[in-house]
Each structure stands twice: as structure tokens, then as C-alpha cells.
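Let's walk through this model together, starting from one residue and working outwards. Have the viewer ready.

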Amino acid sequence: MGVASSDPIYPISVAARLLNVHPRTIRIYEEEGLVKPSRQGSKRYFSNDDIEWIQCLRDLIHDDGISIPGLKKLLDLSPCWEIKSCDPDKRAHCSAYIDRTKPCWERANTACAKELKQCAACEVFMQRIRGAREKVVEMREVRRGK
């Protein structure tokens, strides 16, 4: 049985090396609520999906000049129930739908998140990561005049 892309397997030091960043950078993203690593005690573990998401964040911040507060605002404007056609019964019990003050992926301990094992493994969240990555590539091509 192989390792799923959502399995947390990398400690922060390895994740930082894979991303070519200082571990503090990853901790800042965590403090800002942009990444939610799995924890075992006081240790953080990251999945391949987390690595892809952090790389996307890095591209948006450094290549496109979007600030962390700007990124947080953009993510706040993309609730999952508007993207995914949830069953009405499931939506009626979804904490992210009932209380819209936080994006769904910030609710790691709620019923919906528990059902999905983790919001970061949610297909909507992963679709957002891929969509953001595609936008970065498109913006770079436009800047290069392609």
C-alpha cells in the first residue's frame, strides 16, 4: 500500500528543505492560519498536499506580490459550499455553512472536518490549491508576453 498525498510524513525540517525555506517561514504560515500541519505531540508533520500548498503560497507571495493578509482575504471569499454541490442534509449540519465566520479548512476539529479526516484533504481545498497554482502559471505567462 502506497503513501497517500494527504498522509503527514515530513517533519518540519524536511518540509523546509523540500521547499528551500527556513522552518520559521512554515511556522509563520501556520500562525497565520494558511497551513494546518498534523501534530504528534509538539512535532509538526506535513503531507505532500501540504508541501504543494505551501509552494503555491510561496509563489503567490514572492512571485505575484500578494501579501499574507491579502491571501487570507481571497481564501475567505471562496467558501466550499459555493464550489461543491453538497447534499442539503450534509450542508444543514456543516459547521462552515452554519457559521460563516471562518473558512471550512480552519475548522479541523468540527464534524465536517472529522468526517473528511482533515479539511486539508478535502477535494474542495485541494481543488483550490490546484486552481491557485494554475493562476500563478497563467499570470507568469501573461507577464512574459506569451
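In which helix is E30 found? E30 sits in helix α2, residues 23-31; helices here are DSSP runs of H or I with at least four residues, numbered from the N terminus. Before going on, note that this is a predicted model, in which local features need pLDDT of at least 70 and side-chain atom pairs count only at pLDDT 80 or more, while totals for chains, interfaces and linings use all residues. Residues are numbered from 1 along each chain as its sequence is written, and side-chain values use heavy atoms, leaving out hydrogens and water.

E30 has a relative accessible area of 17%, so it counts as buried (under 20% relative accessible area, with a 1.4 Å probe and protein chains only). Leaving aside neighbours within four places in sequence, E30 is in contact (heavy atoms within 4.5 Å) with V35, P37, R39 and R44.

Now turn to helix α3, residues 48-63. Its 16 residues should span 22 Å at 1.5 Å a residue (1.5 Å times one less than the number of residues), and the end C-alpha atoms are 22 Å apart, which agrees. Among the buried residues of α3 are W53, I54 and L57. Just after α3, G65 takes a positive phi of about 70°.

The largest nonpolar core (buried Ala, Val, Leu, Ile, Met, Phe, Trp, Tyr and Cys residues joined through side-chain atoms within 4.5 Å) has 20 residues, and I26, Y29, F46 and I54 have the most contacts inside it. Helix α3 gives the most to this core, with 7 residues. In soluble globular proteins, nonpolar side chains tend to be buried together.

Definitions and conventions
Helices (H or I, at least four residues) and strands (E, at least two) are DSSP runs, numbered from the N terminus. Buried means under 20% relative accessible area, exposed over 50%, partly exposed in between (1.4 Å probe, protein chains only).
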